[in-house]
Amino acid sequence: MKQKTILVTGASAGFGLAIAERFAARGDKVIACSRRTASLEALAAAHEGRVLVLPLDVQDRAAVAATIDALPADFQQIDVLVNNAGLALGLEPAQSAFLDDWDTMIATNCSGLVYVTRAVLPGMVARGRGQVINIGSVAGLFAYPGGNVYGATKAFVHQFTNNLNADLIATGVRATCVEPGLCGGTEFSSVRFKGDDARAASVYDGTQPLTAEDIADTVEWLADRPAHVTIGSITMMPSCQSFGPLAVKRKS
Ligand code: NDP
Ligand code: 8X3
């Protein structure tokens, strides 16, 4: 298979790190971006010359544009953009949730994702090939208590992906939204509960959740689909998870 160039946002942990490791291991070129970079140094050392580690806060619109503009020549032809950087903060009901948390989720999961996409797309369209793989969530498809703005940001990611495919028709560039459910072994719940690791661990009690490797499997499979195939979205849940009934509150 031809060597590809993959840009992964949020590559320092969780899904992003597993995806960066997966593509590096199979001989592709990886541009690994996140605010923290220490966890990526070993990967870069193990695949010298093929893993470019770049500090990047996707919320910073100017930094995103400058980073993509300044890519070294041998990393400029991005074949696959994996928009993975994202987070949930809190599980409070909307009437008492923190506006700062909402701002951060919108700035990262929505604004950051569109900044990176807008910076990468012109090159893909000019080359007549490329894939944008957005990491959404089942939280963007199904409502749950406390999911309020997090779920809304992932609904944005879902529909932005659909609208990308509307704009990119017949350009050779395609977009997919990967929408996982419960996934353990990442920093996601620790971030959501602001370092309360006992509460974060309890999310996975008695379950066999998805793993970051399961997500990397799907992203790798998507990256290998031929150019005439557009996969719009993929929902993934562990087999211990499914849909809930609609809530009905009855008078006692
Ligand atoms: P982690 O918390 O383990 O990883 C999140 C990554 O995003 C980190 O590498 C972090 O890097 C990066 N990140 C956060 N904010 C920014 C920012 N402003 N700029 C650049 N990078 C940023 O979470 P997961 O791996 O579990 O989650 C990855 C994605 O998958 C997220 O979009 C999440 O919403 C989604 N998801 C997760 C699920 C789960 O159950 N785990 C299920 C469904 C979707 P750094 O802090 O170094 O910047
Ligand atoms: C993460 C899945 O169900 O915790 O996006 O919101 S969930």
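Two strands count as paired when DSSP finds at least two bridges between them. With that in hand, let's walk through this predicted model, beginning with its central strands and ending at a ligand.

**Strand β5 and its neighbours**

Strand β5 spans residues 130–135, and 6 of its 6 residues are buried. Side chains in a regular strand alternate between the two faces of the sheet. In β5, Gly 130, Val 132 and Asn 134 point one way, while Gln 131, Ile 133 and Ile 135 point the other way, and all of them are buried.

On one side of the pairing list is strand β4, residues 80–83, which runs parallel to β5 and is joined to it by 4 bridges. Within this pairing, Asn 83 sits opposite Asn 134 of β5. The connection between the two strands involves helix α4, residues 99–127: β4, α4 and β5 together form a right-handed β-α-β unit.

β5 also runs parallel to strand β6, residues 173–180, and here 6 bridges join the strands. Val 132 is placed opposite Ala 175 in β6. To get from β5 to β6 the chain passes through helix α5, residues 148–167, in a β-α-β crossover that is right-handed.

**A contact between helix α4 and Asn 83**

Thr 117 belongs to helix α4. Is this residue buried or exposed? Thr 117 has a relative accessibility of 1%, so it counts as buried, the cut-off being under 20%. Its side chain makes a polar contact of 2.9 Å with the side chain of Asn 83, the residue that stands opposite Asn 134 in β5.

**Strand β6 and onward to β7**

Like β5, strand β6 is mostly covered, with 8 of its 8 residues buried. Val 173, Ala 175, Cys 177 and Glu 179 point one way from β6, and Arg 174, Thr 176, Val 178 and Pro 180 point the other way; all are buried. Among these residues are the charged Glu 179 and Arg 174.

Which strand does β6 pair with over 4 bridges? That partner is β7, residues 233–236, and the pairing is in the parallel sense. Cys 177 has Ser 233 as its bridge partner in β7.

**The surroundings of ligand 2**

Now for the ligand. Ser 137, Ala 139, Tyr 144, Tyr 150, Phe 188 and Arg 192 are the residues around ligand 2. Sorted by class, this shell contains 4 nonpolar, 1 polar and 1 charged residues. Distances from polar side-chain atoms to an oxygen atom of ligand 2 are given here for three of the residues.

| Residue | Distance to an oxygen atom of ligand 2 |
|---|---|
| Ser 137 | 2.5 Å |
| Tyr 144 | 2.5 Å |
| Tyr 150 | 2.6 Å |

On its own, ligand 2 has 250 Å² of accessible area, and the protein covers 80% of it.

Conventions
Residues are numbered from 1 along each chain as its sequence is written. Chains are lettered from A and ligands numbered from 1 in the order in which they are written. This is a predicted model: local features need pLDDT of at least 70, side-chain atom pairs count only at pLDDT 80 or more; totals for chains, interfaces and linings use all residues. Side-chain values use heavy atoms; hydrogens and water are left out. A residue is near a molecule or strand if one of its heavy atoms lies within 4 Å of it. A polar contact is a pair of N or O atoms within 3.5 Å; within protein, one must be able to donate a hydrogen and the other to accept it, and residues adjacent in sequence count only if both atoms are side-chain atoms. Accessible areas come from the Shrake-Rupley method with a 1.4 Å probe; for residues, only the protein chains shown count as cover. Buried means under 20% relative accessible area, exposed over 50%, partly exposed in between (1.4 Å probe, protein chains only). A crossover is right-handed if, with the strands pointing away from the viewer, the path from the first strand over the helix to the second runs clockwise.
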